[in-house]
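Reader: I'm in my first year and still learning to read protein structures. Could you take one part and look at it closely with me?

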Number of protein chains: 4
Amino acid sequence: MKKIRVGIIGAGGYGGCGAIELLTNHPGAEIAVLVDTQEVGRPISEIYPHLTGFCDLVIKSPEDPHIPADLDVVFFATPDGVGQKAAPSWIQKGAKVVDYSGDFRFNDPGTYEGYAFRIGRTQQHSSPELLPYSVYGLAELHREEIRKTNLVGNPGCFAVSCILGLAPAVAENIIEPDSIICDAKTGVSGAGKNPKPAWHFPARYETMNAYKISGHQHVFEIERELSRLAGRAITITFTPHAIPLCRGILSTIYGELKNGQSIKTIEEAYRSFYKEDRFVRVFGPDKPQMSIYMRGTNFCNISINLDERTNKLIVVSLIDNLVKGQAGSAVQNMNLMCGIDETEGLMHPGIFP
Amino acid sequence: MKKIRVGIIGAGGYGGCGAIELLTNHPGAEIAVLVDTQEVGRPISEIYPHLTGFCDLVIKSPEDPHIPADLDVVFFATPDGVGQKAAPSWIQKGAKVVDYSGDFRFNDPGTYEGYAFRIGRTQQHSSPELLPYSVYGLAELHREEIRKTNLVGNPGCFAVSCILGLAPAVAENIIEPDSIICDAKTGVSGAGKNPKPAWHFPARYETMNAYKISGHQHVFEIERELSRLAGRAITITFTPHAIPLCRGILSTIYGELKNGQSIKTIEEAYRSFYKEDRFVRVFGPDKPQMSIYMRGTNFCNISINLDERTNKLIVVSLIDNLVKGQAGSAVQNMNLMCGIDETEGLMHPGIFP
Amino acid sequence: MKKIRVGIIGAGGYGGCGAIELLTNHPGAEIAVLVDTQEVGRPISEIYPHLTGFCDLVIKSPEDPHIPADLDVVFFATPDGVGQKAAPSWIQKGAKVVDYSGDFRFNDPGTYEGYAFRIGRTQQHSSPELLPYSVYGLAELHREEIRKTNLVGNPGCFAVSCILGLAPAVAENIIEPDSIICDAKTGVSGAGKNPKPAWHFPARYETMNAYKISGHQHVFEIERELSRLAGRAITITFTPHAIPLCRGILSTIYGELKNGQSIKTIEEAYRSFYKEDRFVRVFGPDKPQMSIYMRGTNFCNISINLDERTNKLIVVSLIDNLVKGQAGSAVQNMNLMCGIDETEGLMHPGIFP
Amino acid sequence: MKKIRVGIIGAGGYGGCGAIELLTNHPGAEIAVLVDTQEVGRPISEIYPHLTGFCDLVIKSPEDPHIPADLDVVFFATPDGVGQKAAPSWIQKGAKVVDYSGDFRFNDPGTYEGYAFRIGRTQQHSSPELLPYSVYGLAELHREEIRKTNLVGNPGCFAVSCILGLAPAVAENIIEPDSIICDAKTGVSGAGKNPKPAWHFPARYETMNAYKISGHQHVFEIERELSRLAGRAITITFTPHAIPLCRGILSTIYGELKNGQSIKTIEEAYRSFYKEDRFVRVFGPDKPQMSIYMRGTNFCNISINLDERTNKLIVVSLIDNLVKGQAGSAVQNMNLMCGIDETEGLMHPGIFP
């Protein structure tokens, strides 16, 4: 079978690197071109030496006339604002587009602006006409729409973790929708490749901190998805924390239990909700989970717990922020958009320790 | 002035080591004897080589007849169950006792048993007659009682962090007392010196996890102290997490705001509540705090935040679990019990990075 | 094609886990049975939860009568002394054996005893009759012998790194053979799965140390292999160091240059020596290498440098100690012994960061 | 007694911060002014929040007219090139100067240029007239000269570790001077405060690498000091490595033993050489040392070992690169220059873990 030809815009960042790692092991896809505004002219394997012999393509500038026009899929592993400008031309050429940023996570300009405000972005969306057709790229909730679209807004890493942890509880009316608190902890790789004081090894290796308290931009998409599931507007409390490890998001999620819920019925509701989802694994309170078991994989492990003294559901939801939280979801979406097995190139256990 | 003569029972653990480090720099105290059941006969500086030249005392067995009887203060840096057996004889000899475990944190056998059940301890308390006289060793809440007692139950590390983060909010009626959620993150040193699979470097360096969900034993003392402050029974939700760093507890605390509270009035209430407390520092939302700034020090930094969208107070409370959460509080209590300046031997900034 | 049926003895350690990870992705092999003396009766995926859904076999006792007899390959991922007792019966049943320990790295009892003395082992070898037939499992030096044997002694992790870093220099007469110093640095995973004080996270995360100075047991096999290549006895100085990371060995190797060597001729000699070796990559001084680029892979990267002021060759040789230094070499040896492509199941780039 | 008034130029870097930490606990000194070209106008305790309440001085620009002129000591915690311009005016005002950079480590322009070339510095020295009067600030070798000078060139961190590890062996003719190899490992804090790709947490936490092989600038001062001790020119091989920890240098030093040396005589020679030196501790092979035992302290621990098979002395020399390797030596030099006890403000054991 002809392989899916993939172009990666923003190849030099961690998100691009993650896609390359997955696609070099993907039996049905091949990387056709790598594009970035930095490191143009250098082989990607000089920037990421572990790719030597696996992908030695030279990075092209976005303006390079030799970028092939016949790509099947284009990944925009780029910051907010890039994909919304360049996606239309790729879609016109017949490519399917997966954008990692918030550019295509919302279906109307008004909602997008609410999001954009949080990240300090004041420009209007460049391609508002595409927004109604874009699909939110969380396969567990939008599989059929993703299969039919040619434009996916890949979800935010925190959003993947929190939405998957909460979806059954909200959809099945297990908790009070106004009581939700998400206390999220992320490894440092979520901040990307560029060195900054907060991620400088000596300043980070032995510290943790909360940040953007009540102000993180991923809150918007979490609330939008939960509201869809609940059939009413939901507002949540969300606090992200930076933790001195590389890969992993652990979200501890609290919600007020509605009457008549037992741990048994809740576990069943979760398992039933995710029964088609190969990358979501549900565990009871006797099987506590750790973030390292997700490292390098596309899985989301969800642990269900009750606090009977205070009548709370406590869900612990874990992913690798760079895989299920980014490049892995992108490949999963590509697979769906291209009509091949959703798990292709993604089914491996990772390594321990 | 004659120096306070201190004996440390359980000298070989991290809690004992922490006390030694502080006391070697304490102008008004001297270490008279080190006792432990392990490593008997070895100089402490062989076990902790950084102490070479600062404290080279040889560890004595608890049965050693040469343990001096004229100690002014005895630290029990020992697990639950040790201090409650040996404390009475030291008190009879005239010593003041600070016990690190839960043995003397509660004032009646019934409450103690609730705590003991959580740690799997089924024996009755060995010295129930002492319980009514013991004082909970959190100086910020019990300074005057500590000054007058000869028996202190040093608080649990999570409890220090959560109680200090919540006390003003509960005492000043800022939040709904039944809405409290404490999401706590701790470094690995809190688990002590003994190697276990969960703390093995390869299994820990790149992972995080929630544990003892709704079942941690420190909940009891947190609820007891908050209930005292509120004048009514308070139940909280508490989830501890293990984080791959060495020292530090960061507790993110959520509570439903009562009417009419602004960030300004709350900050003022916190500052006012702690106006006598040299080791508590209160910060507004514009000064986010990190755990490393507490490392090696006796400080507790508290950051006050509001989520106006969901009407929540979000407090971030940070300590070094081995200092303010353990040995530092013990020395602070010793200073108070002996009538010297509470901050003696404890006023240094730590090191960065 | 019929898949190679593999049994793993000692499945519960890091070496067994590493083999399982590689074999679940190996298109030509399947895991038939897992054996260990600990955790008998538990699914391996309870011990290593990342294997859930990939390998859920239950661990069998070595005495279990249901261990299948028709294995094609048996891995002894066991400590010294285990394989030498059990290997003969498996060989009699027609299985090929790869032993991870030092049991079959030497071809006569006398040499073995020199090694055994270093690890404090005083018993005689249980199967001295097998020693002449065993092959040292470093494919880059013994490929053809491995293809023909049914018994391989998998090399020690430090030995892989040092021998590969030195082999061309010794074979091609580039350095004075009596001048060799190997200064090796290893991640903590090399110490295995069992928690010990030196590997306890708080005691390790911020420390490094030399150990077994001039006394490490891997020195024997390094000297034996180098002596073979040189055609004369070689003695080396070797110092291992423990470093606070999980995976990786970096060996810095110093040797006195013989006359007339330039960086260019030395690089050519190295490239020529390894021209058939897919897992060895040679780099010049302008391409410094880091251990993380080997993580999770079977590669050995070798960086060649000269110090012209002191007339020294300085080679930096890097591997992942658990892959090329252990399970990866074992699978590579299995591939050779079974007549399939040496790289099967081993060709992936790893992940970064 | 009047306190020594200290000004710190370059206060905002790790070297400045280290001096502030030490001086806030120094009974005989006080910080009079903090100067930097960055963060001017901000309190130092905003940049380093752990200093809150200990040092809240506002950073002044070097051009600020309110910098007091009556300083007793000025620390230049600045990069190469700064101190050599500004030191003369401070010396004219009567201040004593300690410069952290290479600016005053050499006594003539020619030698300085050899050093400067290595760091890519092409300008001539700004104050060549001062070079003959500057003293190399390693108290263990130059105590009396430091006492008498008003200008000290504080030594490089690697140099402190290697020179202290080698001085007795070279001075007492224990090893062949032309055989010396120093394999040094450093924590990341040695690279300073500015974030760079190589020190970005995700790119560093699980990696190690050799760098500047045979080309590190500290080689010059090591060779100069060893040559002085030997009475003849010595050239060494030196390889630095970056290790994923924060504080610590461990240098493993190899030298060919001269005839008739036993471990006993060598240990005695080392102890005798350092008998006046409170910050150097010598250990035999039975007391292996780890870098964490030096963390936060001014000590250098030296472990002496022999490899009898290859006739080598193997010395392991350990320091905290930011204390004995930088700010601690600076304070030690200040104490000597000001005629007070060399150990003032420096005698504490650090913390563990």
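Author: Happily: let's look at where two chains meet, and then follow the parts that lie behind that meeting place.

One thing to keep in mind from the start is that this is a predicted model.

Start with chain A and chain B. The contact between them uses 40 residues of chain A and 40 residues of chain B. If you want to find the chain A side on your screen, look for the elements that give two or more residues to it: strand 7 (181-186), helix 7 (201-204), strand 8 (209-210), strand 9 (237-242), strand 10 (249-256), strand 12 (300-307) and strand 13 (312-319) of chain A. Sorted by class, the chain A side that touches chain B has 20 nonpolar, 13 polar and 7 charged residues.

Now, how are the two chains placed relative to one another? Chain A superposes on chain B, with an RMSD of 0.0 Å, after a rotation of 180 degrees and a shift of 0.0 Å along the axis. That is the relation of a two-fold axis. To locate the axis, find Pro244(A): in chain A, its C-alpha is the nearest to the axis, at 3.3 Å. There is a neat consequence to see in the contact, too. The copies meet through the same surface, because 100% of the interface residues of chain A are also interface residues in chain B.

You can practise the same reading on chain D and chain C. Here 40 residues of chain D are in contact with 40 residues of chain C. On the chain D side, the elements giving two or more residues include strand 7 (181-186), strand 10 (249-256) and strand 13 (312-319) of chain D. The side of chain D that touches chain C divides into 20 nonpolar, 13 polar and 7 charged residues. A turn of 180 degrees, with a shift of 0.0 Å along the axis, lays chain D on chain C with an RMSD of 0.0 Å. In chain D, Pro244(D) comes closest to the rotation axis, with its C-alpha at 3.3 Å. Since 100% of the interface residues of chain D are also interface residues in chain C, these copies meet through the same surface.

Let's step back to chain A and see how the chain itself is divided. Its domain assignment gives domain 1 (4-155 + 325-337) and domain 2 (157-323). The C-alpha centres of domain 1 and domain 2 of chain A are 25 Å apart. Where they touch, 20 residues of domain 1 of chain A are in contact with 25 residues of domain 2 of chain A. On the domain 1 side, helix 1 (14-24), helix 4 (109-118), helix 5 (139-148) and helix 10 (323-337) of chain A each give two or more residues. Helix 10 of chain A gives the most to that side, with 6 residues. By class, the domain 1 side has 8 nonpolar, 9 polar and 3 charged residues.

Next, a sheet, which is easy to follow in chain B. Its 6 strands form an open sheet in the order 2-1-3-4-6-5, with parallel pairing. Strand 2 (29-35) and strand 5 (135-136) of chain B stand at the edges with a single partner strand each, so one side of each has no neighbour in the sheet. Further in, strand 1 (residues 4-9) and strand 3 (residues 73-76) of chain B pair in the parallel sense over 4 bridges. In that part of chain B, Val6(B) stands opposite Val73(B) of strand 3. Helix 3 (residues 83-92) of chain B lies across strand 1, strand 3, strand 4 (96-99) and strand 6 (151-153), and runs at about 165 degrees to strand 4 of chain B.

Chain D lets you pick out another pair of strands. Strand 4 (residues 96-99) and strand 6 (residues 151-153) of chain D run parallel and are joined by 3 bridges. Val98(D) has Val152(D), in strand 6 of chain D, as its bridge partner.

Finally, try helix 1 (residues 14-24) in chain C, where 10 of its 11 residues are buried. Among them are Tyr14(C), Cys17(C), Ile20(C), Glu21(C) and Leu22(C). The cover over the buried residues of this helix includes strand 1 (4-9), strand 2 (29-35), helix 2 (44-47), strand 3 (73-76) and helix 10 (323-337) of chain C.

Note on methods
Residues are numbered from 1 along each chain as its sequence is written. Chains are lettered from A and ligands numbered from 1 in the order in which they are written. This is a predicted model: local features need pLDDT of at least 70, side-chain atom pairs count only at pLDDT 80 or more; totals for chains, interfaces and linings use all residues. Two residues are in contact if their C-beta atoms, placed from the backbone, lie within 7 Å. Ala, Val, Leu, Ile, Met, Phe, Trp, Tyr, Cys and Pro count as nonpolar, Asp, Glu, Lys and Arg as charged, and the others, Gly among them, as polar. Copies are superposed by least squares on the C-alpha atoms of residues with pLDDT of at least 70 in both. Domain bounds come from an automatic or database domain assignment. Two strands pair if DSSP finds at least two bridges between them. Axes are lines fitted to C-alpha atoms, for helices over the stretch in contact, and angles run from 0 to 180 degrees between N-to-C directions. A residue is buried if 20 or more other C-beta atoms lie within 10 Å of its own, exposed if 12 or fewer, and partly exposed in between; C-beta atoms are placed from the backbone.
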